[in-house]
Amino acid sequence: MRAHLEGVDALLIPGAPSANDTQIASERGAPEDARHNSVNAPRTKKHVREEHRSRAAYELALIEQAKNLGMPVIAVCAGSWRLLEAYGGAVETLPAAERALHTDKNNVWGLRHPVDIVSGTRLADAFASAQQNGTEALSGAPVTSTHWAAASEVVPGSFRQSTQAAENTEVRRLPDDILAVAARTSAHGSSSVEAFETRSGAPVMGVQWHPETHLPGMPGRYTDTEGTSPDPAVASSEALFRHFIQAALSYRYRRDMHEEFSTSRPQPD
């Protein structure tokens with residue numbers, strides 16, 4: 001797996017229409033909400049389930065190796081679920097009423113809702129750099145959101161440990177030791193986790209929304225068909241990716257310096 005990341009400066013875990021093995025029924029919703037799971041639903045074809053499990057294992061292995069290397073990681077939507085799983089956290093299916101805020105099959109790229117960014121986080125630094133008024137950028141920032149689950153919390157600010165992590169006696173995985181909430185939904189009474197990041201060390205971040213949809217050539221770049229009115233989320237989305245490009249360049253510099261030092265040291269006779 002280390003060879004797969006050779007020469008790589010940062011790791012992106014993209015989204016996918018699949019659930020996590022750590023996904024649980026929402027404790028805030030009705031029992032039937034647990035069935036809103038595209039992987040475990042009976043209609044899901046066997047080859048799709050197998051592909052999901054294969055991809056999940058590969059992504060978890062990549063993330064583990066990125067941890068060892070101190071490599072920056074950004075994970076998007078369902079990719080953030082995988083990242084949370086890698087740090088011992090669990091994913092929760094949103095209650096039906098709240099899920100409607102985040103999911104619209106007829107308007108996948110146009111669904112928007114505001115988020116509140118937690119001040120003092122790396123995400124806050126990235127968003128603040130997108131506007132002259134940094135405070136405005138942190139409160140009610142619009143994002144493109146399409147998902148049916150989110151990070152599960154025991155209480156606000158404390159991530160639920162997954163069953164798999166709790167049963168692993170060889171490796172201690174308490175997500176709260178490493179991860180902190182970086183953003184929450186701020187619409188219609190919802191306050192679900194929209195982003196989280198590592199408290200220290202290499203920049204590692206999971207965002208529940210889709211900032212990539214606002215990049216050049218993507219369907220969320222403009223609000224009109226003529227391509228003359230940029231979407232309000234363009235500035236913050238580009239700032240987020242600039243933040244990780246800088247983190248990737250810093251990682252590359254450290255890696256190159258380490259390799260140069262290792263090869264230039266005098267070898268013992």
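D256 has its place in helix α8, where helices are DSSP runs of H or I with at least four residues, strands are runs of E with at least two, and both are numbered from the N terminus. D256 counts as partly exposed because its relative accessibility is 35%; buried means under 20% relative accessible area, exposed means over 50%, and partly exposed lies in between, with a 1.4 Å probe and protein chains only. Along the chain D256 and G7 are 249 residues apart, and their C-alpha atoms are separated by 9.8 Å.

This is a predicted model, in which local features need pLDDT of at least 70 and side-chain atom pairs count only at pLDDT 80 or more, while totals for chains, interfaces and linings use all residues. Residues are numbered from 1 along each chain as its sequence is written, and side-chain values use heavy atoms, with hydrogens and water left out.

## The chain as a whole

The chain has 8 helices and 12 strands. Of its 269 residues, 46% are buried. Contact means heavy atoms within 4.5 Å. Among contacts between residues at least 6 apart in sequence, 70% join residues at least 24 apart.

## Helix α2 and its surroundings

How many residues of α2 are buried? The count is 9 of the 9 residues, so α2 is largely enclosed by the rest of the structure. These buried residues are A78, G79, S80, W81, R82, L83, L84, E85 and A86.

Helix α1 (residues 46-69) and helix α2 (residues 78-86) have axes that come within 10 Å and cross at roughly 60°. Such axes are lines fitted to C-alpha atoms, for helices over the stretch in contact, and the angles run from 0 to 180 degrees between N-to-C directions. The crossing angle makes α1 oblique to α2, because angles under 35 degrees count as roughly parallel, over 145 as roughly antiparallel, 65 to 115 as roughly perpendicular and the rest as oblique. The crossing of α1 past α2 is right-handed, a term for a near helix that is turned clockwise from the far one by less than a right angle, with anticlockwise giving left-handed.

On the α1 side, H52, A56, E59, L60, I63, E64 and K67 meet R82, L83, E85 and A86 of α2. Sorted by class, this contact of α1 with α2 has 5 nonpolar, 1 polar and 5 charged residues. Here Ala, Val, Leu, Ile, Met, Phe, Trp, Tyr, Cys and Pro count as nonpolar, Asp, Glu, Lys and Arg as charged, and the others, Gly among them, as polar. An α-helix has 3.6 residues a turn, so residues three or four places apart point the same way.

Two residues beside α2 have a positive phi. Most residues other than glycine have a negative phi. C77 is not a glycine, yet has a positive phi of about 50°. C77 lies in the loop between β3 (73-76) and α2, and counts as buried because its relative accessibility is 5%. Just after α2, G88 takes a positive phi of about 90°.

## Loop residues

C77 is also one of the residues touched by T146, along with H102, V108 and H210, not counting residues up to four places away in sequence. T146 is in the loop between β6 (141-144) and β7 (149-151). From T146 to K105 the separation is 41 residues in sequence and 8.5 Å in space, C-alpha to C-alpha.

Another loop residue is L94, between β4 (91-93) and α3 (96-102). L94 is buried, because its relative accessible area is 0%. The C-alpha atoms of L94 and S192 are separated by 8.6 Å, although the two are 98 residues apart along the chain.

## Aromatic pairs

Rings of Phe, Tyr and Trp (its six-membered ring) pair if their centres lie within 6.5 Å; planes under 30 degrees apart count as stacked, over 60 as edge-to-face and the rest as tilted. The count by this rule is 3 aromatic pairs. Two of them are set out below.

| Pair | Centre to centre | Angle between planes | Arrangement |
|---|---|---|---|
| F127 and W209 | 6.1 Å | 80° | edge-to-face |
| F159 and F196 | 6.0 Å | 75° | edge-to-face |

The pair of F127 and W209 links distant parts of the chain, 82 residues apart: F127 is in helix α4 (residues 122-128), and W209 is in the loop between β12 (204-207) and α8 (234-264). F127 is buried, with a relative accessible area of 2%, and W209 is buried at 2% relative accessibility.

The pair of F159 and F196 also links distant parts of the chain, with F159 in strand β9 (residues 158-159) and F196 in strand β11 (residues 193-198), 37 residues apart. F159 counts as buried at 4% relative accessibility, and F196 counts as buried at 4%.
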